[in-house]
Amino acid sequence: MIINKTSYKNIDGILLKNEYIEVIVLPTEGSKIASIKNNKGFEYLYQNPSLDYKKLSLLDDYALRECSGYDDLFPTIDPDIYNGIKYPDHGEVARLSFNYEIKNDKLFLYTKSLLFNYTYKKAISLMNNKIVIEYEIINNDNKKLYCLWAMHCLLNSSNETNIRIENKTPLYLMFDKENEKGNPGDYIDCNGTINIDRSMKNCYKYYYQNKNGRIIYNYDKNNSLSFCFDKDILKETGIWINNGSFNDFYCVGIEPATIGYDSLSNAKKHSEEFYIEPNGKLSFRIEIELN
């Protein structure tokens with residue numbers, strides 16, 4: 001097991017590596033996981049082709065920046081105003097710089113909000129062919145912190161790619177730029193597998209209630225990832241499929257979330273709301289297994 005400093009494009013990063021996996025984390029860029037490779041060098045995460053890293057500051061437009069890898073989205077996905085409070089696009093956490101320390105074969109990262117009153121902590125470690133990420137978000141206020149948390153893991157895709165959600169459940173169509181799958185608000189039947197068809201340039205997103213806390217992502221017959229998480233906390237899962245429509249790149253976004261529909265206001269319309277209790281905390285764990 002190796003954890004040491006490295007570089008990613010033109011910025012500093014931290015490398016975690018064992019005989020199965022190689023991971024690069026960017027502490028100053030929202031603690032983004034920028035790269036996940038297997039021991040054959042296959043890259044699972046979408047990589048922006050720019051030679052220089054496009055930093056995302058507090059006021060930047062996300063669509064004009066790096067748009068790659070695995071970001072944590074908190075306390076929102078889309079920009080929102082909820083209970084009179086403004087929430088930034090792509091959340092705040094992905095825009096913050098984290099402190100870090102390496103201890104007992106783990107990378108510990110932590111930061112404090114600039115816009116709200118919370119402390120955000122995570123620990124990343126490798127266990128054989130698994131990446132283990134442990135989260136703790138602390139509400140330092142004596143009022144409820146209304147929020148949502150979502151993984152925003154952008155994965156490379158191919159004409160062989162499919163996503164197995166492992167249960168037959170209707171998919172709520174959040175948006176579909178070309179109305180290829182239907183109209184926003186439609187429910188789409190699913191037999192448990194979502195196949196990626198890249199023949200039409202399009203961008204669309206589904207949500208569904210994930211009752212087993214697991215998703216399997218098959219890039220092709222040789223490269224796949226399994227995502228496992230606490231189904232009692234991350235109850236909704238978003239699947240964002242971009243076939244060249246957004247920024248002219250091809251990827252799939254896997255987004256387990258505390259609530260669905262991309263913002264607190266949209267979630268409220270579907271009778272969903274999430275908050276961290278006054279002076280309380282939210283703790284959960286995600287495992288990503290390379291198969």
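A residue is taken as buried when its relative accessible area is under 20%. By this criterion, 57% of the 291 residues of the protein chain count as buried in the predicted model. The chain contains 1 helix and 24 strands. Its C-alpha trace spans about 50 × 50 × 35 Å along the principal axes. The radius of gyration is 18 Å, which agrees with the value near 19 Å for a compact globule, because the latter is what 291 residues would give. Of the contacts between residues at least 6 apart in sequence, 62% join residues at least 24 apart.

An open sheet is formed by 9 strands in the order β8-β9-β10-β11-β24-β20-β19-β14-β17, and the pairing is antiparallel. The edges are occupied by β8 (99-103) and β17 (193-195); each has a single partner strand, so one side of each lacks a neighbour in the sheet. From one strand to the next, the twist averages 15°. Within this order, β11 (residues 130-139) and β24 run antiparallel and are joined by 9 bridges. Ile 137 has Leu 282 of β24 as its bridge partner.

The largest nonpolar core comprises 78 residues, among which Tyr 70, Trp 149 and Phe 227 touch the most other members. Strand β24 (residues 281-290) supplies the largest share of this core, with 5 residues. In general, nonpolar side chains of soluble globular proteins tend to be buried together. With neighbours within four places in sequence left aside, the contacts of Phe 227 are Met 151, Cys 153, Leu 155, Gly 213, Arg 214, Ile 215, Tyr 217, Ile 254, Glu 287 and Ile 288. A second core, separate from the largest one, has 10 residues, including Leu 56, Ala 94, Cys 203 and Cys 251.

Asn 223 lies in the loop between β19 (214-218) and β20 (224-229). Its relative accessibility is 11%, and Asn 223 therefore counts as buried, the cut-off being under 20%. The side chain of Asn 223 makes a polar contact of 3.3 Å with the side chain of Asn 38. When residues up to four places away in sequence are not counted, Asn 223 touches Asn 38, Phe 42, Tyr 44, Tyr 217 and Asn 218. Tyr 217 thus appears in the contact list of Asn 223 and also in that of Phe 227.

Methods
Residues numbered from 1 in each chain as written. Predicted model: local features only at pLDDT ≥ 70, side-chain atom pairs only at ≥ 80, totals over all residues. Heavy atoms only, no water. Helix = DSSP H or I, 4+ residues; strand = E, 2+ residues; numbered from the N terminus. Buried < 20%, exposed > 50% of the residue type's maximum accessible area, 1.4 Å probe, protein only. Polar contact = N/O pair within 3.5 Å; in protein donor to acceptor, adjacent residues only side chain to side chain. Contact = heavy atoms within 4.5 Å. Core = buried A, V, L, I, M, F, W, Y, C linked by side-chain atoms within 4.5 Å. Pairing = 2+ DSSP bridges. Axes fitted to C-alpha atoms, helices over the stretch in contact; angles between N-to-C directions. Rg over C-alpha atoms; globule rule 2.2 N^0.38 Å.
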